[in-house]
Amino acid sequence: MAFRNNIMVCSPLECETSAEMLSSMDKAKEEGADLVELRLDSMSFSHISQVERLIKHRTLPSIVSFRPESSRTSWDMDTKDTCMQVLRLALDLDVEFVEMDYEIASDSSMVEYVYNRSSSKLVVSSYVNGGKPSAEKLGFLIACMQSTGADVIKLVIDVDYITDLAPVFKMLTHCQVPLIALAVGSRGLICQLLAPKFGGVLVYGSLKGKEVSGMPTLVSLRQVYKPEYINPDTKVFGLISNPVGHSKGPILHNPAFRHTGYNGIYVPMLVDDVNEFFRTYTSTDFAGFSVGIPHKEAVVGCCDEVHPLAKSIGAVNTIIRRPDDGKLVGYNTDCDAAITAIEDALTGRKLTNRGKSEASPIAGKIFVLVGAGGAARALAFGAKIRGARVVIFNRNYERAKALAQAVSGEALPYEILDRFCPENGMILANASAVGMEPNIQESPLSKEALTAYALVFDAVYTPRNTRLLQEAREVGSIVVSGVEMFIRQALGQFRLFTGGLGIYHPSSINSSRSFKCS
């Protein structure tokens with residue numbers, strides 16, 4: 001069996017018994033795996049015959065691997081000898097792929113055995129750790145691994161920062177033999193998602209319910225990212241944030257790209273340092289970015305140009321890399337998205353159905369804002385433009401005062417938020433992370449305090465129905481979920497990403513169902 005032109009999706013299986021291995025293999029097949037990696041070092045077995053029966057009863061093409069340092073076997077012999085026996089057995093049984101550590105493949109007792117193998121393809125792997133790997137270091141290692149007669153090279157790499165992956169992408173593009181790159185940790189997730197673009201031959205996906213940090217699930221690969229659609233011309237978009245696991249952007253943007261025929265992929269990017277990120281990824285292949293917590297203000301300084309609205313707000317949530325000159329242009333689609341969601345909820349009408357000269361329903365109202373970060377700045381400026389009286393509460397009072405001054409509003413100590421009630425019928429907007437997963441039991445206000453508000457908006461959308469919204473609904477307030485803002489700002493981003501492509505609308509996909517996708 002040889003690798004097809006299109007990317008292959010593999011699920012690594014770590015189970016204690018052969019019965020669990022076979023059951024997991026069937027599950028992987030159902031979830032869309034093309035093949036599985038049988039990590040036999042995870043099994044507890046007392047005789048080689050148990051391994052033989054497992055291999056003979058496999059229901060998917062397989063990679064057989066055995067890492068001596070992880071072995072659970074109860075054999076009374078050296079673990080390395082056990083490893084050698086298992087791998088030789090796999091070669092004798094003509095398993096599709098047999099993976100050996102570089103040290104094992106170079107062992108004199110294994111070299112001749114490998115040379116005389118029948119039809120199995122040899123995957124030679126190496127674990128790379130100890131700091132950021134350079135392209136030169138990886139290139140030298142790959143050359144050494146090729147000398148073993150490897151059909152496929154596999155690098156397992158520790159990733160401290162997302163920028164560590166740049167030389168890995170370079171190796172994927174230029175390697176003379178098929179290359180698998182597996183980055184360990186949440187910052188390495190894009191290594192799997194973007195491997196098809198840069199020439200990788202295989203991506204890993206975990207079984208649902210057995211998620212692995214830095215590895216997409218099989219379900220998300222098949223339903224959301226669809227690696228079979230990715231090629232060298234695919235443009236890369238993504239969310240720059242920390243944390244990033246809550247993002248629903250991929251399940252909105254990726255179907256939209258396919259629906260409109262745009263060759264793009266949208267991925268989560270866990271970024272610690274935005275300046276270093278943009279210094280590292282300068283190619284126009286990295287064509288656009290959403291910006292989330294905590295980077296919306298910091299990225300303003302990374303942009304070559306900033307749209308006037310975003311400049312006045314002091315926060316950017318969308319960046320486009322201009323294809324002709326590579327310049328980074330910053331925009332803010334949060335502002336209109338949040339304010340129109342609130343206005344439409346108050347009037348029961350879409351903004352487009354109101355007259356242009358009609359006053360905003362929030363004009364003259366007290367607009368209580370919790371938070372002072374990037375999303376809060378967008379809400380504050382939007383409310384000011386619409387004529388609301390903006391009052392800001394934030395745990396960092398100095399940040400609240402600075403934002404209040406920028407919008408001619410008022411800042412008050414966070415400690416009195418629950419007691420603030422100059423009038424009834426106010427509007428509350430939570431633009432802080434209070435109530436976001438995993439802290440779903442938190443709320444910025446008590447239920448009793450919510451009775452003073454005609455409408456409560458929560459920018460948090462994971463969970464969709466936050467405690468704040470649940471309690472606001474119970475006291476009779478109009479509630480607006482962060483999902484409303486998210487979809488509206490994402491639609492604005494999509495138009496910017498695609499150069500104004502206007503044939504897509506969120507109703508083209510079942511967005512409520514998409515939000516439940518794994």
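The following exercises, each with a worked solution, concern a predicted model of a protein chain.

**Exercise 1. The chain as a whole**

Describe the chain by its secondary structure, its extent and its buried share.

*Solution.*
Step 1. Begin with the secondary structure: the chain contains 18 helices and 20 strands.
Step 2. Turn to the extent. Along the principal axes, the C-alpha atoms fill a box of roughly 85 × 50 × 40 Å.
Step 3. Consider burial. The chain has 518 residues, of which 55% count as buried.
Step 4. Finally, consider the contacts with a separation of 6 or more: 69% of them are between residues 24 or more positions apart.

**Exercise 2. Helix H14**

Compare the length of helix H14 with the expected value, and determine whether H14 is mostly covered or mostly uncovered.

*Solution.*
Step 1. Helix H14 runs over residues 374–385 and has 12 residues.
Step 2. The expected span is 1.5 Å times one less than the number of residues. For H14 the expected value is 16 Å, and the distance from the first C-alpha to the last is 17 Å, which is close to it.
Step 3. A residue counts as buried under 20% relative accessible area. In H14, 10 of the 12 residues are buried, and the helix is mostly covered. Among the buried residues are Arg377, Leu379 and Phe381.
Step 4. Examine what comes just after H14: Gly387 there takes a positive phi of about 95 degrees.

**Exercise 3. Salt bridges across the sequence**

Explain why the salt bridge between Glu37 and Lys154 ties together parts that are apart in sequence, and then examine the pair Lys197 and Asp285.

*Solution.*
Step 1. Recall the principle: side chains of opposite charge can pair when their charged atoms come close.
Step 2. Apply the cut-off. A salt bridge requires a side-chain nitrogen of Lys or Arg within 4 Å of a carboxyl oxygen of Asp or Glu. In the pair Glu37 and Lys154, the closest N and O atoms are 3.2 Å apart.
Step 3. Locate the partners. Glu37 belongs to strand E2 (residues 35–39) and Lys154 to strand E6 (residues 152–158), so the salt bridge ties together parts that are 117 residues apart in sequence. Both Glu37 and Lys154 are buried.
Step 4. Lys197 and Asp285 also meet in a salt bridge, with an N to O distance of 3.4 Å. Lys197 lies in helix H8 (residues 189–198), while Asp285 lies in the loop between helix H11 (274–280) and strand E11 (286–291); the two are 88 residues apart.
Step 5. Compare burial within this pair. Lys197 is buried because its relative accessible area is 4%, whereas Asp285, at 24%, is partly exposed.
Step 6. Place these results in context. The structure holds 28 salt bridges. Glu37 and Lys154 belong to a network of salt bridges that also links Glu14, Arg39, Asp41, Arg67 and Glu99.

**Exercise 4. A salt bridge within one helix**

Determine how Glu398 and Lys401 are placed relative to the helical turn.

*Solution.*
Step 1. The side chains of Glu398 and Lys401 form a salt bridge, 3.5 Å from N to O.
Step 2. Both residues lie in helix H15 (residues 397–406). They are 3 residues apart, so about one helical turn separates them.
Step 3. Lys401 is partly exposed, since its relative accessible area is 36%.

**Exercise 5. Two packed helices**

Classify the packing of helices H6 and H7 by angle and by handedness.

*Solution.*
Step 1. Helix H6 (residues 135–146) packs with helix H7 (residues 166–174) at an angle of about 40 degrees, and their axes are 9 Å apart.
Step 2. Angles under 35 degrees count as roughly parallel, and 65 to 115 as roughly perpendicular. H6 and H7 are therefore oblique to each other.
Step 3. Their crossing is right-handed.
Step 4. The contact involves Ala135, Leu138, Gly139 and Ile142 of H6, together with Pro167, Val168, Lys170 and Met171 of H7.

**Exercise 6. Backbone features in loops**

Locate the cis peptide bond between Glu437 and Pro438, and the positive phi of Asp94.

*Solution.*
Step 1. The bond joining Glu437 and Pro438 is cis, with omega about 10 degrees. Pro438 lies in the loop between strand E18 (426–430) and strand E19 (453–458).
Step 2. Asp94 is not a glycine, yet its phi is positive, about 55 degrees. Asp94 is in the loop between helix H3 (79–92) and strand E4 (97–101).
Step 3. With a relative accessible area of 31%, Asp94 is partly exposed.

Conventions:
Residues numbered from 1 in each chain as written. Predicted model: local features only at pLDDT ≥ 70, side-chain atom pairs only at ≥ 80, totals over all residues. Heavy atoms only, no water. Helix = DSSP H or I, 4+ residues; strand = E, 2+ residues; numbered from the N terminus. Buried < 20%, exposed > 50% of the residue type's maximum accessible area, 1.4 Å probe, protein only. Axes fitted to C-alpha atoms, helices over the stretch in contact; angles between N-to-C directions. Parallel < 35°, antiparallel > 145°, perpendicular 65-115°, else oblique. Left-handed = near helix turned anticlockwise from the far one by under 90°. Contact = heavy atoms within 4.5 Å.
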